[in-house]
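Please open the model in your viewer and keep the selection panel at hand. The tour below moves from one selection to the next and says what can be found at each stop.

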Amino acid sequence: MAEKEDLVEIVGSEGVSDAPEILAEYSKDKSFVPPIEPRCVVKPKTTEEVQRIIKWANDTLTPLIPVSSGSPRFRGDTVPTAGGAAVLDLSGMKKILWIDRRNRVAMIEPGVTFGELRPEVEKEGLRLLMPLLPRRSKSVLASALEREPIIMPRYHWDIGDPMLCTEVVFGTGDLFRTGAAAGPGTLEEQRKSGQAQKNPAGPSQASLHRVIQGSQGTMGCVTWITLKTQLLPKLQKPFLVGSHRLDSLTELSHWLIRLRIADECLMLNNSNLAAIMAKKWPEEYRRLRDNLPSWILFFCQAGYEYFPEERLAYEEEYMSDIAQRIGVSPVEVLSGVSAYELLAILQAPSEEPYWKLRHKGSCHDIFFLTGRDRLPELIEVMHNLASRYSYPVADMGIYIQPVVQGTSWHCEFNLFFDPDDLKEVETVRTLSVDAVNALMTEGAFFSRPYGPWADIAYRRDGETTAALRKVKGIFDPNNIMNPGKLCF
Amino acid sequence: MALESKVYRALEDIVGPENISQEPAILDTYAFQMGTKAVPTRLWMARPEAAILPGSVEEVQAMVKVCNRYGVRFKAISTGFSTAANIARTGSIHVDLRRMNRILELNERDMYAVVEPYVSWVQLQAETMKKGLNCNTPECGGQCSVLANCTSGWGMGNKSVAMGHNERNVLGVEWVLPTGEILRLGSVGSGAGWFCGDGPGPSLRGIMRGFLGAWGGLGVVTKVGVKLYHWPGPPDFFPLKGVSPIYDAEIPPTVKNYYCFFTNWEDFANAGLKVGEAEIAAEFAKVSPALVALMVSRSNQEYSQVYRFTKTLVKGPGFQVIIEADSPKEFEYKEKVLMQILAETNGKNLPLVTHELMQSRVISQTVKCSAIARGVFRATGAYSSTMGSMDTWDLGVTQARIGADLKQKYVDMGMLLDDGVENGWGLLYEDGNFGHLEMINLYDPADPESCQVFQDSLSEATDIMVSECLGVPFGGGGDRMNEFLGPHIMNYHLWLRKIKKAFDPNVASDPSSYIRLKE
Amino acid sequence: MALEDFERSMARCVRCSLCKFPPLEQVKSWRFANVCPSITRYNFHAYSGGGRLLIGLALLQGRLDYTDEMTEIIYRCQMCGACDISCKYNRDMEVLEPQYELRARLVNDGQLLPAHMPVIESLRKEDNMLQRLKVDRGKWAEGLDVKDITKETAEVVFHAGCRLSFDEDLWKVARGTVSLLKKAGVDVGIVGSEEACCGGRAYEMGYQGELIKYAEHNIDTWRAAGARIVITSCSDCYAAFKILYDKIGLKPNPQVLHITEYLERLIAEGKLRLTKEVPMTVTYHDPCHLGRKAEPYIHWQGVEKKAYGQLILHDPIKEFRRGTFGVYEPPRNVLKSIPGLRLVEMERIKEYAWCCGAGGGVKEAYPDFATWTALERIAEAKTTGASALVTACPWCEKNFNDAISESGDRIEVYDVVELVQQACGGA
């Protein structure tokens, strides 16, 4: 293949593969997106190589599918939608470029995983703003680009957090740095003046990092990001709160976030918490699930450098008063689950096997954003639909995460299923499409529309679709970057 | 070039005769702006062809369509407190959004509000405080437009240490594009409410504005959802006694203001970062003895006496911190931490500011953001900012030092206020994750020589921002600036131009403060 | 001073819009956050205090020619002074004074507002602002056993003012004032049909010459009467006598007091005993001319100088009138002395009170705007839960009552004097 030679010239022969077994791996993922095989997989090591590849793709009109995380992948965004695509696998770009304690920032390449980054930042007294138990092969950069919610909502100031600045090669092949990283000057010159590539906004009158985030690689290819990090606490005190009433827990969450007295703060239903905690399957999972209340709030209070005990003391007092007012009881151990044990689990990526795969081997997630008041109704919609499709409601995992400091709520349904059971596969597949339709009709906002959700989401908002196509026309006029995704 | 009568009639049909005018006396009040030109006769920017007052998004849309049809340019203005609000050349109409002034939603449970363009910060704050919430009032003042500040302008204030930058406080948006479509960002566009301004997929908030807003160069934003934050104080603010210009507030013992100062920049910088990381400040700003003296004095005469006092007491850079707490225990903790930080960094707390009267005045002005005019306008009549880029607190310190060096000669010439020269106003954002600093230059707009210095210092400062790699300055937007800075900053101006072309092919939205298309 | 004398000050407007709002610490709600009736009603920036400064500046700099609409913009303003106070909360600059000069400039240049012309013509003929016959001026006092100071001397002269003299609905206030003074044993006299206008409203409409004429006349009248104190129940007249006459260098020799100041004194001295309960919840409206515009005038002649390079100072030191020393407490103290009466405050009070709508020639030229302004105030009064709106100026009372009649709104309106009378058993 002539084009393969072009690519070999850019990345070297070890960086290009068209072996069938390799192509098969990238042709599908765990979603229901139909598999399409790419024509090759190319693995650059530097930004310059990425730029050359993208220019080549423009010249040859070859679709490019950027991928940063290792398998298994789940969302369908890295499966080609058209034939003849080249997968641009950046997972080999694994440099942790910079960690700066003073400014609480890390700069990383796409291939760096949570497991790799975490110990490095901890050496500097920092910790990561993590999503919920990412899989081991998950790219930190990809997670940030996808706007995955983090489990410490008090530090989630903006939906883009923890991502800050980026270096990106747009679909045109142009190199750009967003935010303060744009300049003037090189990164070293900027650091000399005291900068740390932190301010994500700009440069000047546009914030292009925002059109890159959430774009599923359709605008360009990001070659590094800076990432907000948080201090490692000196003291931590985690709690579990169980209730059959979700609104009691969301009310407590609201105050924990509003008064800034908890770091980690998330809700799981019994099925999800059991899936996370269980070591023996299926007995322990079932026992935990059946003993746990319907809903569990997990939160952790912390003290830092200055008088951590005193900080914890007044924060715990506030928390107790509020909990008492609401009528719930935060405890250290709930139905045999230890808050400390859960805290340790949540501070790291998921152990293998990936927690969502432990129950039945596969999982399909449906997630959206909503306001607090809508949560019970939307959950009921999902429950009703599940029942209609004979999906066992008791098996369904639910994860509720307050985001952007509690101004909206990420609601996630985890549909566990056996990928070898065709009936279950079909049930989950059809249920998920109907569910997305029904939830959207009831006011769920699918801010991150993967696969078939995109059509449904964009049909509801024609003006946004038109505007996004204009943006696409600017940054990827030849539509070579992951074509067919979103509304492109 | 006067507006053709058929165009005027078409616009009049939309808003009614009372809400449109071509009267020069009205138009000139949209042409005037402080800090424009070097001589008094040129205090004026371009006079618009007409001023129009739409009352709804439908009227805005209709007006935009008429403008596109007839090739007339328009520029939105709300409180309009900056040269960025004006037009640079004739040929545009001003769209004054004053009639669109409602608070549409105040959602206490999800902590956000939805407002129209002419809701001012002080109005929003008065309503949010009733519900135990507060908003990120910027230092341009509580009288300024919430929407303009968040979606189209700047977005920084003393509360930013705990409430961030207003570019990041935006949720749902309703926006009339330059071509007349109504674009609703995020959850609004999907009919799900105002809680999110991003998606589906990429966020068009990034097109709407950057570190700086588009300043009317990309259509008209007509509604915005903004984040709110906790307010531990009384629902109707602190009880006030007294008569203008001195209001003494009854400040509860769980709220207190400090002016901490240091003998060197290193200690100052370290202390600032520690305060941010410790998460103890409700309000924070780098201040100077001159700025503090301006805020607490009732007149320039009084300032000259107070300043003699503050500048003797304060030798070195300093910052103001306000601690707010829900309980005595929380307050004691936070104060203890602050004192510990000062001990570690050889910092001192100015006793003048701990006096009860000073406490009440400074706190009430700062919380309500009422002191801008006192702080930067009363002394000489006007001010300008040099530097002003945002990244880290350390960058702020660098800008303070460079900005002061640059300013020294102008102060020595007597053309700027001698405010100690180093009169940088700087902020922390989001617990110290970001920082910025502007060097305040106080000049007299009625004095041609002082005006000239204002121009020269801005020009020199912009050059230095490039040569010293300090980032995009506070006044770094607008066509001329983008042309100058762009080549040094990833040619961002070319992308901006593409955005302008894509979204405003007819150049209906006045580009003066954004970017012009090139032939 | 002329308009030119304010050019530097006007050029220092920074278009901050603070003139549209009360001093920001005092904003208590979205609903009542505006302080300038003009811009609140008409919306274009030109209608704000800052906007009119810019019009003045533009005129001086030759950017503008006179137009009818410009005249309308300038006159659709009650000259209430709220913009001046709000600006001066933070700044050392004049906002109201240039607006006086702007109006005077218009009048001098023949740019007359048609609606004002008959009023001024009548004033010149009949010495009153209500276009009534001078001979009828004293009718309000018929049957009142009170000295005529054109014939005999009195220690205290009660000046009724044009509104109280001719408005039969409000005669009760003038008559009530005299009754209370007599009850307190005050040696009081009136000028009756020989009384002339104070000249204040004409001054505010730009006819500065009328003020001089009436100042001289009134001061002569009081001198002839041997009066030590001049009392009025009209805030317009009060501000004219106390502030404007002083401003033009004709400070009256007698002490000028508003009736509420004098009542406060009489009550404190035990000369008036308020014994009857008046069980009512009321809210008090600060008339502009008794409140922020009644702050004693400060004469200053000097130059601007700079210190510290560009710090604007004055030589000699210039004190700015910021509304601090208006007459705010005496009316309140009087109301608080009334047994059974409960006083609740509106959101916009004292130096940042919302105008009643009648001043500056607006009642004469733009009655709809005057009504609109009054209705805004009435809406605010009703939010307090008060059953009555109390004021201390007949122009305010008249304008509120007119607005209520037009709109069908329901709230009672009283002058302070009326409630004091009730508390004295209807004396």
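What percentage of the contacts in chain B with a separation of 6 or more is accounted for by residues 24 or more positions apart? The share is 70%, a value that, like every other on this tour, is computed from a predicted model.

**Stop 1: chain B as a whole**

Select chain B, in which 18 helices and 20 strands are assigned. Its radius of gyration is 23 Å, close to the 24 Å that the globule rule gives for 519 residues, so chain B is as compact as a globular protein of that length. If you turn the C-alpha trace onto its principal axes, chain B spans about 70 × 55 × 45 Å. Colouring by burial would mark 71% of the 519 residues in chain B as buried.

**Stop 2: helix H9 of chain B**

Next select residues 289-296 of chain B, which make up helix H9. Eight of the eight residues in this helix are buried, so H9(B) is largely enclosed by the rest of the structure. The buried residues, in order along the helix, are B:Pro289, B:Ala290, B:Leu291, B:Val292, B:Ala293, B:Leu294, B:Met295 and B:Val296. To see what they pack against, add strand E14 (255-261), strand E15 (283-287), H10, H13, H14 and strand E19 (424-429) of chain B to the selection.

**Stop 3: B:Leu313**

From B:Pro289, move to B:Leu313, which is 24 residues away in sequence but lies at 8.5 Å in space, C-alpha to C-alpha. B:Leu313 belongs to helix H10 (residues 300-313) of chain B. Is B:Leu313 buried, partly exposed or exposed? It counts as partly exposed, because 15 C-beta neighbours fall inside 10 Å, whereas a buried residue would need 20 or more. Leaving aside neighbours within four places in sequence, B:Leu313 is in contact with B:Leu350 and B:Leu352.

**Stop 4: where chain B meets chain C**

Now show chain C as well, and select the 65 residues of chain B that are in contact with 53 residues of chain C. Elements of chain B that each supply at least two residues to this side include H10, helix H13 (356-368) and helix H14 (372-376), and H10, H13 and H14 are also elements against which the buried residues of H9(B) pack. The largest share, six residues, comes from H2(B). By class, the side of chain B that touches chain C divides into 31 nonpolar, 22 polar and 12 charged residues.

**Stop 5: where chain B meets chain A**

Turn to the other partner of chain B, where 82 residues of chain B are in contact with 78 residues of chain A. Among the elements of chain B that each supply at least two residues here are helix H8 (265-278), helix H11 (328-344), strand E18 (382-391) and helix H15 (393-412). Which element gives the largest share of the side of chain B that touches chain A? It is H18(B), with seven residues. This side of chain B has 37 nonpolar, 24 polar and 21 charged residues. Of the two pairs of chains in contact, chains A and B share the most contacts, while no contact joins chain A and chain C, whose closest C-alpha atoms lie 23 Å apart.

**Stop 6: the nonpolar core and A:Ile296**

Select A:Ile296 and B:Val226 together, since these are the residues with the most contacts inside the largest nonpolar core, a set of 488 residues. In soluble globular proteins, nonpolar side chains tend to be buried together. Around A:Ile296, not counting residues up to four places away in sequence, the residues touched are A:Leu240, A:Val241, A:Gly242, A:Met267, A:Leu268, A:Asn270, A:Leu273 and A:Leu334.

**Stop 7: the domains of chain A**

Colour chain A by its division into domain 1 (2-89), domain 2 (96-231), domain 3 (235-346) and domain 4 (360-441). The C-alpha centres of domain 3 and domain 4 of chain A lie 22 Å apart, and 15 residues of domain 3 are in contact with 15 residues of domain 4. On the domain 3 side, helix H8 (246-258), strand E12 (265-269) and helix H9 (270-277) of chain A each supply at least two residues, and H8(A) gives the most, with seven. That side has seven nonpolar, six polar and two charged residues.

**Stop 8: a hairpin in chain A**

Finish on strands E5 (residues 96-100) and E6 (residues 105-108) of chain A, which pair in the antiparallel sense over four bridges. A:Asp100 has A:Val105 of E6(A) as its bridge partner. The two strands, E5(A) and E6(A), form a hairpin with four residues between them, and in the turn A:Arg104 has a positive phi of about 55 degrees.

Technical notes:
Residues are numbered from 1 along each chain as its sequence is written. Chains are lettered from A and ligands numbered from 1 in the order in which they are written. This is a predicted model: local features need pLDDT of at least 70, side-chain atom pairs count only at pLDDT 80 or more; totals for chains, interfaces and linings use all residues. A residue is buried if 20 or more other C-beta atoms lie within 10 Å of its own, exposed if 12 or fewer, and partly exposed in between; C-beta atoms are placed from the backbone. Two residues are in contact if their C-beta atoms, placed from the backbone, lie within 7 Å. Ala, Val, Leu, Ile, Met, Phe, Trp, Tyr, Cys and Pro count as nonpolar, Asp, Glu, Lys and Arg as charged, and the others, Gly among them, as polar. A nonpolar core is a set of buried Ala, Val, Leu, Ile, Met, Phe, Trp, Tyr and Cys residues joined through C-beta atoms within 7 Å. Domain bounds come from an automatic or database domain assignment. Two strands pair if DSSP finds at least two bridges between them. The radius of gyration is taken over C-alpha atoms; the globule rule is 2.2 Å times the number of residues to the power 0.38.
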